[in-house]
There are 4 protein chains.
Amino acid sequence: MLSATDRGKVADYIAQLGAIDPNQFGMSICLANGQSLSIGDATTEFSIQSISKVFTLALALRRYGDRYWDRVGREPSTNVFNSVQELEVRDGIPANPFVNAGAIATTDSLLVGAEPKETLAEIIRFVRMTASDEEIFIDPDVAKSEKATGHRNWSLAHFLRGSGNLLHEPDLVLDTYFHHCAMAMTCEQLAMSGRFLAGIHPEGNLIPPSQVRSINALMMTSGHYDGSGEFAYRVGIPAKSGVGGGILAVLPGQASIAVWSPGLNAHGNSLLGTKALELLSKALNLSVFAID
Amino acid sequence: MLSATDRGKVADYIAQLGAIDPNQFGMSICLANGQSLSIGDATTEFSIQSISKVFTLALALRRYGDRYWDRVGREPSTNVFNSVQELEVRDGIPANPFVNAGAIATTDSLLVGAEPKETLAEIIRFVRMTASDEEIFIDPDVAKSEKATGHRNWSLAHFLRGSGNLLHEPDLVLDTYFHHCAMAMTCEQLAMSGRFLAGIHPEGNLIPPSQVRSINALMMTSGHYDGSGEFAYRVGIPAKSGVGGGILAVLPGQASIAVWSPGLNAHGNSLLGTKALELLSKALNLSVFAID
Amino acid sequence: MLSATDRGKVADYIAQLGAIDPNQFGMSICLANGQSLSIGDATTEFSIQSISKVFTLALALRRYGDRYWDRVGREPSTNVFNSVQELEVRDGIPANPFVNAGAIATTDSLLVGAEPKETLAEIIRFVRMTASDEEIFIDPDVAKSEKATGHRNWSLAHFLRGSGNLLHEPDLVLDTYFHHCAMAMTCEQLAMSGRFLAGIHPEGNLIPPSQVRSINALMMTSGHYDGSGEFAYRVGIPAKSGVGGGILAVLPGQASIAVWSPGLNAHGNSLLGTKALELLSKALNLSVFAID
Amino acid sequence: MLSATDRGKVADYIAQLGAIDPNQFGMSICLANGQSLSIGDATTEFSIQSISKVFTLALALRRYGDRYWDRVGREPSTNVFNSVQELEVRDGIPANPFVNAGAIATTDSLLVGAEPKETLAEIIRFVRMTASDEEIFIDPDVAKSEKATGHRNWSLAHFLRGSGNLLHEPDLVLDTYFHHCAMAMTCEQLAMSGRFLAGIHPEGNLIPPSQVRSINALMMTSGHYDGSGEFAYRVGIPAKSGVGGGILAVLPGQASIAVWSPGLNAHGNSLLGTKALELLSKALNLSVFAID
C-alpha cells in the first residue's frame, strides 16, 4: 500500500521541520465504538502546524457564534496558503479560516480580553481535552524559529492590521499564532483529538453540532489550501493538513483518522499522507460522495 | 417554511428567463425506495441551464475517463462563472467542469467524431435515460437567444480556441453548448434524472460509481460557482445550480432532490431554492458533514 | 551599430509574418526641414499592424474629441497586449488605446454612421494623406489570415460587446480592425506619415496640436505594451510598435523616425528596431528626458 | 487660475498630515539662468513624503549603476502605491522605484555597509546639496507616527524580506525609510533641489547625465502611481508627487518646478498641484510631447 517511492519534499522554511527524516509514516484511527488502530510511526511526535487552525476555529466559533464570520469568509482559496494578494483583492477579509490570514484573524479574536499566555493556555487546554491527553505540549523552538523567519505571516498580519481586521498588534498575535502552530502531537493523539469533529467523543459534544458541521464543511472545501478540490475529488473526506506532514481527517459519525508523513506535495500537503487516505477511502468506500 | 419575501432577481440577460414570474417555487424528491414526493410548482418546466453541465460531464468522463482532466481542472473557482480572467491566469485550462469555460471545453470534447446534431442527440438521450422520461426536450428559442447575446461565452470559447484548448470552431461548440443548456425540465423530471448520481437509479449504474463519486465531489466544491463554499457550509449536500433557478442536489445512496425558484442571489444561484435546501438539510440532518 | 546577432523571433501567429526573413533592417528619418534619410531595407514593405492604432486614434480624437475617453482609459498596461484579464478587471474599459481591446473599441467608434468599407476608406485616406503617398494599401491576405486565427482578438471583441462597450457586432468591427492592421508600408512611407505627430507636416496640422500632444504622451506611456516603461527608460522618445517589426518614433518639433526589423523581443516589439533607436537616442541625445 | 473649489482630501492616515489646512497653495520655479519665481505659500514647509524616493533612487544609481535594476523593475504600476498584490504577482520584484515596495528596496540597498544613522545622514546631505540649503531637516514626529501606523509598508517590507529582496531586517529598513519620507521642505527648497534633474544645478552634474535621464523617464511613466498615464497626458512633464501634497516637476535643460497643495485626488496626488501644473504646461507649452 505504501510502496510509493516519491515521498515529497520536507518543509524547509522552518529549520526544525527541514531536519526531519522523510522516511517516516504513521496512521491512527479512532472508531465510534472507542476502538483505536495504529500503524507505522503513530507514536512519533510531529509539529501539527496548520492543523491547529481547526482547534482555534472551534474555540472562536464557540465564543462568537456566527459573529465570527464578520471577519473571515467561507470560500475556498485558489491562491497559495500565505497569499497576501488574495487578502488585498478581498479588502482585508481572509477567504476562509484555514488560509494563514484567516487563522491569524482567528487567533486575534481569541486574544480579546485575555493575556497571550492565557489564550495559549486556553488553546492547549482545549486540544488536551479533545485528545483526552494532558501530555500535549508546544515546542518553543519551532515557535521561535517561525517568529524569526515567517516573514509572509508578518506581511499578512500587518496587512490585516492596516485593513482594520486585527485588533491587536501583529507582534502579539503572531507570537500566539506561531506558538499554537508549534504544538507537537503524535498520530495517536491527533486521531483522538479529532473525535469531537466526528461526533464520537466520549464526553459528548465539546462544541455545538451545528458548529462541528460548519468546521467539517470548511475542511472539505478549504482544508488543503489550493489543493482542496483535488483532495475532495481523490479522497472525499473532510480533512485538514499541516506543513509538518500531518493530516486530520473526519468521517462524521464514524471515525477520526490521523496520518503523518513529512514529505509534502506542491500544495504543501503531505504527499504520502494524501495517498494513504486516498487508498483507504477507495478501499473502504469512505468518501462522503460515494454511492457504492 | 417559504415565507421569505425576498425572492431574488430573475436572470434577465436571457430574454426568455427575464419574463418568468419569480413567485414560483417547486421541489421534488426521489428516494432510494422508489418513492417520490413533490410540492409547489414541481411540474412546471424551466430552463435547466448550467445543471446540464452535470450530464455533459458524465458523458465526457464515461467516454474519456481520466484523460478528460488533461483539459479541465478540479479546483473551486473564486471568480464569477463566466470569468475570462480566470482562464487567462490559468493559461487556458478552466478551473473546473462547472465554470462556463470548463463546460464549453466538455461540450467540445463530446463533438469529437460526431456531427453537432448527433452530439446533441446523445446528450438528450442520456438525460432522458437518467430521468426515465422521453418527453424531455430542448427549447430552441432559449438556445437561439443565448447564441445571439451570450457574448461572454463567445469570449471564453475564442479564448479557449486561441489557447489550443478547443478542438472545433467556437461557433460549432457554442451552438451545441447553448442548446444543451436550453433543456427544459420540471422539478419532477430533474429529481428523477439525479437518481444516477445518488446511486438509486432503477437501471443500476449508468456510469461507473467512481465517476459518480467524482461528479458529486465536484458539485460540492464547485457546484455553485463562487458561492460554493457558502453552499457547502449552509447546506452540505453535493448540488449543481443553474441560472434558470433550478438546483439538483444529491444525497449519495439516499435521495435525489430538485428545487426550482427563478429568483437568484448575488452568485447567480436560486435564492429561495438555496434557502429551502438549507432548511431541509438542517431539519432532517441531511448534510454529509453532520454528526447529529 | 547593427552587429547584434540576436535578432529576436518573428511573429508566427500570423502565417504571412512568420514567413518573413528576420535578417532585414531598415530605418528612415524625416526632419523638420523636409530632408529625409534612409538606410538598409527602408523601401521594403512590411505589415504595420499595431502602428495603425495611432492613425485610428487620431481619427477618433478628431471626430469625438474628449468624448472618446468615455470608452477607453489612459493608463499604461502591465499585461500582455491581448489580455482579456485586464479588460475584466477594468469592467470592460480598455486600459489605453494601444492595447488591442482599446484599439478595437476605437475602430468600433469609427464605424458609427458609416459602412465598414467607408470607414476603411477613411482610414487609408488619412494614412495616405499623412504620408503624402497614394500608394499605401492594405494586404488582404494578412487581414484574412488574422480574421481566421486571431482568437484572442475575437475574445476581446465579444468581451467588449458583452460589457456594452462595442456598438457593432464583433464580426463587423474585427473585419475593419484586421484590415487596417494589415496596411503594408515601407520605412520611408511610415516616417513620412509620422510627420503630423512631430508637427512637421508640410500641410500643417492635420489634427489639433492638443490632440497630437495627447497621442505622443500615450505613445510614451503605452506605445510598447508591457515593455513601455523599459522603452521610455532606454530610448525616451514617444513611439508605437507593431508585431510586424515596425516602430514609429516621434521627436516633437524635430523629426519622425521609422525603423523596421521583423524579429521581436519578449514584449512583442522589434528587437533590433528598439536597439537601433536606443543607440540613436543616446548618440544624438534625442531622449526627451536628456539634460546633456 | 486657482479658483478651483474642490481641493481634494488631505492624507489622514498620518496624523500630522491630517491636521494640515487644505486651503494652502504654493509654487516655486527655478530657471536655467539661475532665476527663481515663487507664488503663494512657497515658503511653508510640508512633508515631502514620496518625493524623497527621487533622492534615494539617485543615490542608489550613483552607488550601484545598472546593478541597481537587479532588484527593482522599470515598468509603470497599475495598482495602488502600497499594493502587496503587485509584489506577489511579480515574485517580490517591485514594479518600479516609486511604488512603496521599490523605494523600500532602494533604502535597503543604501544601508549596505553603513549604520542607519549614517545612511540617513548621507541622504539628507545629498538633498541639502541638491537644494544648496543646509536648513533642510527631518520631522521626527512624522517619522514616528508613520512607523507606528504604516502597516501596509510593514507588510511590504516583510514580503520583500520573505522573497529574499531585503538584505536587512524590516525594522531597520523602515526606520530609515520613514525618516527620509519625513523630510520637511518648502516649495522654494524643493524647486532648488530639482535643479540637478533639470541639468541646471550651479555645481554641475551631481550624478551622471545618463542617470538623470533614467530618473526623468521613470518620473514620467511612474511618478504618479496609477495616475501616471493621466499625468503624462494632462501635463506631459516628468514629475514625482508625495502624499504630503507636493509635486516636483522637471523640464530637462530648462527648469525645476515645485508645487504644493495638501488636498489629494483619488490616486493620492495633489489635486490643485496637478491642476496648476496642467494649466502652466498648456499655457507655456511645456509638455515634452507638444508640437506647438
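**Salt bridges, chain C to chain B**

I looked for salt bridges first and counted two between chain C and chain B. My cut-off was a side-chain nitrogen of Lys or Arg within 4 Å of a carboxyl oxygen of Asp or Glu. One I noted pairs Arg152(C) with Glu88(B). Their closest N and O atoms are 3.7 Å apart.

The model is predicted, so local features need pLDDT of at least 70, side-chain atom pairs count only at pLDDT 80 or more, and totals for chains, interfaces and linings use all residues. Residues are numbered from 1 along each chain as its sequence is written, chains are lettered from A and ligands numbered from 1 in the order in which they are written, and side-chain values use heavy atoms, with hydrogens and water left out.

**Polar contacts and the chain C side**

Next I counted residue pairs in polar contact between chain C and chain B, both at pLDDT 80 or more, and got nine. A polar contact is a pair of N or O atoms within 3.5 Å; within protein, one must be able to donate a hydrogen and the other to accept it, and residues adjacent in sequence count only if both atoms are side-chain atoms.

Which helices of chain C each supply at least two residues of the side that touches chain B? I found helix H3 (84–89) and helix H7 (151–162). Helices here are DSSP runs (H or I, at least four residues), numbered from the N terminus. H7(C) gives the largest share, eight residues.

**Contact and buried area**

I find 16 residues of chain C in contact (heavy atoms within 4.5 Å) with 16 residues of chain B. The two chains bury about 1,400 Å² between them, 57% of it on carbon and sulfur atoms. Buried area is the accessible area (1.4 Å probe) that two parts lose on being put together, summed over both. In chain C, Glu88(C), His151(C) and His158(C) lose the most area to chain B. Together they make up 42% of what that side buries.

**Cavities**

Then I looked for enclosed space. A cavity is a set of points on a 1 Å grid over the protein atoms alone where a 1.4 Å probe fits but cannot get out; lining residues have an atom within 4 Å of a point. I counted three cavities of 30 Å³ or more.

The largest has a volume of about 60 Å³. It is lined by 13 residues, and Ser83(B), Glu86(B), Leu87(B), Val99(B) and Ala101(B) are the closest to its centre.

The second largest holds about 50 Å³. I noted Phe81(C), Asn82(C) and Pro94(C) among the residues of its lining.

Notes. 1 Å grid on protein atoms, 1.4 Å probe; cavity = no way out; pocket = protein on both sides within 12 Å on 5 of 7 lines; lining within 4 Å. Points joined across faces, edges and corners; volume = space filled by probe spheres on them.
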